[in-house]
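Work through these exercises with the model open beside you. Try each task before reading its solution.

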Amino acid sequence: MAVVLAEAVVLADLAEEEEVLEAEDPVEAGDVEYFNLGILLFNQEEYFLAHECFEKVWVGKRDDDIFKLGYQGLIQVSVGCYHLTHKSRINSLAQFNKALPKLEKYLPLFFNLDIFTLYVDITDLIGCLKSNSVDIAMCILPKLKLKIIK
């Protein structure tokens, strides 16, 4: 089963697939396609698949690549949201707390991704999760927003 990087996105059955994403064409989709697909999947609350897309780009980066930590921060936010949707307050907090210092390095934009708003949203989400009196279902999940760079 493949994820098609085109108008329609076909989600792989994660229970059956070890390699979640592969290009339908023999040539792998590039970083931009995986980055954009990760944003789309994240905003559709498909956090595990979004994490896979961001990770696909991240693993291909050298350790000295100045953007590597930005991708890792997005992976951690995706995993944190995944844990939150599965009612795991502790794991969500751990991932969000690891992501914030990485995202901070890319304020206000990571390429055309609005890191400032994401940073504020994650900070608010951490506050919500730390309040044990609040049902975690009341905590607002972030969306990834793109900015037009002129």
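Contact here means heavy atoms within 4.5 Å. The model is predicted: local features need pLDDT of at least 70, side-chain atom pairs count only at pLDDT 80 or more, and totals for chains, interfaces and linings use all residues. Residues are numbered from 1 along each chain as its sequence is written, and side-chain values use heavy atoms, with hydrogens and water left out.

**Exercise 1. Describe the overall fold.**

Step 1. List the elements. Helices (H or I, at least four residues) and strands (E, at least two) are DSSP runs, numbered from the N terminus. The protein chain has five helices and two strands. Their order from the N terminus is α-α-α-α-β-β-α.

Step 2. Look at burial. Buried means under 20% relative accessible area, exposed over 50%, and partly exposed in between (1.4 Å probe, protein chains only). The protein chain has 150 residues, and 40% of them count as buried.

Step 3. Look at contact range. Take the contacts in the protein chain with a separation of 6 or more: residues 24 or more positions apart account for 58% of them.

**Exercise 2. Work out which residues of α5 are buried and what covers them.**

Step 1. Check the geometry. Helix α5 spans residues 115-130, 16 residues in total. From first C-alpha to last, α5 reaches 22 Å, close to the 22 Å expected at 1.5 Å a residue. The expected span is 1.5 Å times one less than the number of residues.

Step 2. Pick out the buried positions. In α5 these are I115, L118, I122, L125, I126, C128 and L129. They cover an arc of only 160° around the axis, so they sit on the same side of α5. The arc is that of the directions from the helix axis to the C-beta atoms. Recall the general rule: an α-helix has 3.6 residues a turn, so residues three or four places apart point the same way.

Step 3. Find the cover. It includes α3 (68-85), α4 (89-104), β1 (109-110) and β2 (113-114).

Step 4. Inspect the start of α5. A side-chain oxygen of D114 comes to within 3.2 Å of the backbone nitrogen of F116.

**Exercise 3. Find the disulfide and place its two ends.**

Step 1. Apply the cut-off. A disulfide is a pair of cysteine sulfur atoms within 2.5 Å. The whole structure holds one. C128 is joined to C139, S to S 2.0 Å.

Step 2. Place the ends. C128 lies in helix α5 and C139 in the segment after α5, so the pair ties together parts eleven residues apart in sequence. C128 and C139 are both buried.

Step 3. Assign the hand. The torsion about the S-S bond of C128 and C139 is about -90°, so the disulfide is left-handed.

Step 4. Check two further cysteines. C53 is buried at 0% relative accessible area. C81 is also buried, at 0% relative accessibility.

**Exercise 4. Compare three salt bridges.**

Step 1. State the rule. A salt bridge is a side-chain nitrogen of Lys or Arg within 4 Å of a carboxyl oxygen of Asp or Glu. The count comes to six.

Step 2. Take K61 and D31. Their closest N and O atoms are 2.7 Å apart. This pair links distant parts of the chain, 30 residues apart: K61 is in the loop between α2 (47-59) and α3, and D31 is in helix α1 (residues 31-43). K61 is buried at 18%, whereas D31 is partly exposed at 34%.

Step 3. Take R62 and D64. Their closest N and O atoms are 2.6 Å apart. R62 and D64 are both exposed.

Step 4. Take K147 and D114. Their closest N and O atoms are 3.8 Å apart. K147 lies in the segment after α5 and D114 in strand β2, so the pair ties together parts 33 residues apart in sequence. K147 is partly exposed at 43%. D114 is buried at 5%.

**Exercise 5. Trace the surroundings of K143.**

Step 1. Locate K143. It lies in the segment after α5 and is partly exposed, at 33% relative accessible area.

Step 2. List its partners. Leaving aside neighbours within four places in sequence, K143 is in contact with F42, N43 and E45. K143 and E45 are 98 residues apart in sequence and 8.7 Å apart in space, C-alpha to C-alpha.

Step 3. Add the polar detail. The backbone oxygen of N43 lies 2.7 Å from a polar atom of the K143 side chain.

Terms used. A polar contact is a pair of N or O atoms within 3.5 Å; within protein, one must be able to donate a hydrogen and the other to accept it, and residues adjacent in sequence count only if both atoms are side-chain atoms.
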